[in-house]
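Please work through the exercises below with the sequence and the coordinates at hand. Each task is followed by a solution that proceeds step by step.

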Amino acid sequence: MTLTMAMNDNPVRTRTSKRTSTRRSSHRPPQPSQPSQQQQQQQQQQQQQQQQLLNFNSTRTAWILSFLLFLTLLTQVFLIAYHDDFVLQLNTLEGELLEDAQSLNSIATDAVNAVYEGITTTTTDDDGGSVVYYSSNTVIKASSNHHNHHHHYNNSMPFKRRTTKYANYSMEPEDILKRARVDYTAGFVPSLSVRESRIDQKNNNAARREASLPSLEEIQSMYGNKSYIQGLERCQEYRDKVPPEHRLMGPAGIFNSATNLLNMLLKLNCVNTARRGSKKYGRTNTGMMLQAPWGKHNPVAWRGHHEAAVGGKGIRQADFLPIVMIKDPITWMASMCRHSYEARWRHFNGHCPNLVPNKVDKGPRGRLPITQKSMAVKVKFATQHIGNEPMPDQKNRTFVEYSSLVDLWNVWYGDWYDVVEFPRLMVRFEDLMFHAEDTVTQVCECGGGTMRSWFRYVEDSAKGQYGPHAGSAGFLASLVTYGNSTLRMKGILTDEKDVEYARQHLDKDLMDIFGYAPI
């Protein structure tokens, strides 16, 4: 019986173990199939591509980086070599677009003003456009300073009867700003260096100041009560020699002498109708040029021997009437300290103008000779050579050395004042600030131009706010700065040695001719 039970137990265990083993085997995960040879090749290719992308030491990557570095260096060299020409080209393009816009604006303005003035004819206005005049009984009131000949327009008194003379405009700073449509209560940002301007832009114009207007007496104590224009006696000679359609005029002047301001004022307010009406030159050519065709910053001896890369090609230089801008030498030197352009000399913010070098100017280890009594200045005049004359140097640039900033001012303007070979005008920057209407009118008529119907000011900086012109002052900042006699007499030349040097070496005849007060 015992044997029988043992025999009966074995089959049970055997069946149970089989069921258990069968159940366990049914829950095992399936074995992955081996990838095919094609899939293995694709995986290897993907791994190789990833390795190549991450491998910066590969030959191809080195060539690409070298090429990009070469392009970067080439661009930097190009910008350094052709920076001035590039900026001038941009200014020329901007000027042409502005000129077209102002032409359309002038015609539209004349038509609108005609409605309010109540003239009953149809005629052609000074700008060459057809203007229709309507009848009405509109009465135009005079401005608050009781001058009936104001013919600008602004928000408060937008329509005034046109006239052709501007000599009796008020010199009161507040009246000037009203005519220019500038709100002085909003404050202003003073003229800054390029570096200071960038910092101020990041700080949201933190340098903005409240405008304290100078008095009329203060302005007249420095610059007199009239405009000073040299060369008007030869205007008829120029008009007799040059046919009307060929007459051209534009600015010349050393750096920081307001050549851009004169250019914009002429384009806004003056037009050579004979040139503009000719088939050869077209309606957009008013005869007002960006600069002298031999380069506006170049000395007078450059005339006829060089041509400017921008605006100088194809121009007969004898047809051009140069308007030479001159500026008070004291405030001009302060401007040169902020924006030296192509003038090179050792200077620092703590001592500039530095006519007589101090220990800091001389630098460590005596960089300047002990015998040097003034801070010498070297100026680069860049030009395009004409004809077969000897090149100034291999890079077609001329460097001229002057004993000081005072010497640069004396020589540059002294040479222009002594010109007798051809007509030219010399105009003070200050007269574009305090006698703008009268000054621009005389310049325009001298060159055979016709003034537009209403005078237009330049409210913002005429130089723009980019590149080397960053930080340039606008109209309000200039009026406040250049009308401040305390700043001129005590705030610019702060070292007594510099003051004495300026007194002894500034050309007293030029100072007197152009009405600049002695220091």
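The exercises that follow concern a predicted model.

**Exercise 1. Salt bridges**

Task: State how many salt bridges a search of the whole structure finds, and determine which parts the pair E437 and R179 ties together.

Solution.
Step 1. The search of the whole structure yields eight salt bridges.
Step 2. One pair consists of E437 and R179, whose side chains meet with an N to O distance of 2.6 Å. A salt bridge requires a side-chain nitrogen of Lys or Arg within 4 Å of a carboxyl oxygen of Asp or Glu, and the value of 2.6 Å is given for a pair that forms such a bridge.
Step 3. E437 belongs to helix α14 (residues 436-446) and R179 to helix α4 (residues 173-179), so the bridge ties together parts that are 258 residues apart in sequence.
Step 4. Both E437 and R179 are buried.

**Exercise 2. Accessibility of bridge partners**

Task: For the salt bridge between R316 and D319, and for the one between E342 and R344, classify each partner as buried, partly exposed or exposed.

Solution.
Step 1. The class boundaries are needed here: buried means under 20% relative accessible area, exposed means over 50%, and partly exposed lies in between.
Step 2. The side chains of R316 and D319 meet at 2.6 Å, N to O. R316 has a relative accessible area of 55% and is therefore exposed, whereas D319, with 10%, is buried.
Step 3. In the salt bridge of E342 with R344, the closest N and O atoms are 3.0 Å apart. E342 has a relative accessible area of 14% and is therefore buried; R344, at 37%, counts as partly exposed.
Step 4. A further case involves three residues: R234, E237 and K241 are linked in a network of salt bridges.

**Exercise 3. Helix packing**

Task: Describe how helix α10 and helix α12 pack, giving the angle and the separation of their axes.

Solution.
Step 1. Helix α10 covers residues 329-338 and helix α12 covers residues 405-417. Their axes are 10 Å apart, and the packing angle is about 120°.
Step 2. Angles of 65 to 115 degrees count as roughly perpendicular, and those over 145 as roughly antiparallel. The two helices, α10 and α12, are therefore oblique to each other.
Step 3. The crossing in which α10 passes α12 is right-handed.
Step 4. Helix α12 also contains L405, which counts as buried at 2% relative accessibility. The C-alpha atoms of L405 and A502 are separated by 9.6 Å, although these residues are 97 apart along the chain.

**Exercise 4. Backbone conformation**

Task: Where is the residue P353 located, and which residues that are not glycine have a positive phi?

Solution.
Step 1. The peptide bond from C352 to P353 is cis, with omega near 5°. P353 is placed in the loop between β8 (343-344) and α11 (359-362).
Step 2. N256, which is not a glycine, has a positive phi of about 65°. N256 is found in the loop between β4 (248-252) and α8 (259-269), and at 8% relative accessibility N256 counts as buried.
Step 3. Y341, also not a glycine, has a positive phi of about 50°. Y341 sits in the loop between α10 and β8; at 23% relative accessibility, Y341 counts as partly exposed.

**Exercise 5. Covered and uncovered surfaces**

Task: Determine how many residues of α14 are buried, and which residues make the nonpolar surface patch of about 680 Å².

Solution.
Step 1. Nine of the eleven residues of α14 are buried, and the helix is mostly covered. Among them are A436, D438, V440 and C446.
Step 2. G448 follows α14 and has a positive phi, near 80°.
Step 3. The nonpolar patch is made by I64, L65, F67, L68, F70, L71 and L74. Residues of such a patch need over 30% relative accessible area. L74, in helix α3 (residues 59-117), is partly exposed, with a relative accessible area of 47%.

**Exercise 6. A contact across the sequence**

Task: Where is S227 found, and is S227 buried or exposed?

Solution.
Step 1. S227 is in the loop between α6 (216-223) and β3 (229-230).
Step 2. With 17% relative accessibility, S227 counts as buried.
Step 3. S227 and F514 are 9.0 Å apart in space, C-alpha to C-alpha, and 287 residues apart in sequence.

Notes: Residues numbered from 1 in each chain as written. Predicted model: local features only at pLDDT ≥ 70, side-chain atom pairs only at ≥ 80, totals over all residues. Heavy atoms only, no water. Patch = residues over 30% accessible without salt bridge, like charges linked within 9 Å, V, L, I, M, F, W, Y side chains within 5 Å. Areas by Shrake-Rupley, 256 points an atom, 1.4 Å probe, with all protein chains shown as cover. Helix = DSSP H or I, 4+ residues; strand = E, 2+ residues; numbered from the N terminus. Buried < 20%, exposed > 50% of the residue type's maximum accessible area, 1.4 Å probe, protein only. Axes fitted to C-alpha atoms, helices over the stretch in contact; angles between N-to-C directions. Parallel < 35°, antiparallel > 145°, perpendicular 65-115°, else oblique. Left-handed = near helix turned anticlockwise from the far one by under 90°.
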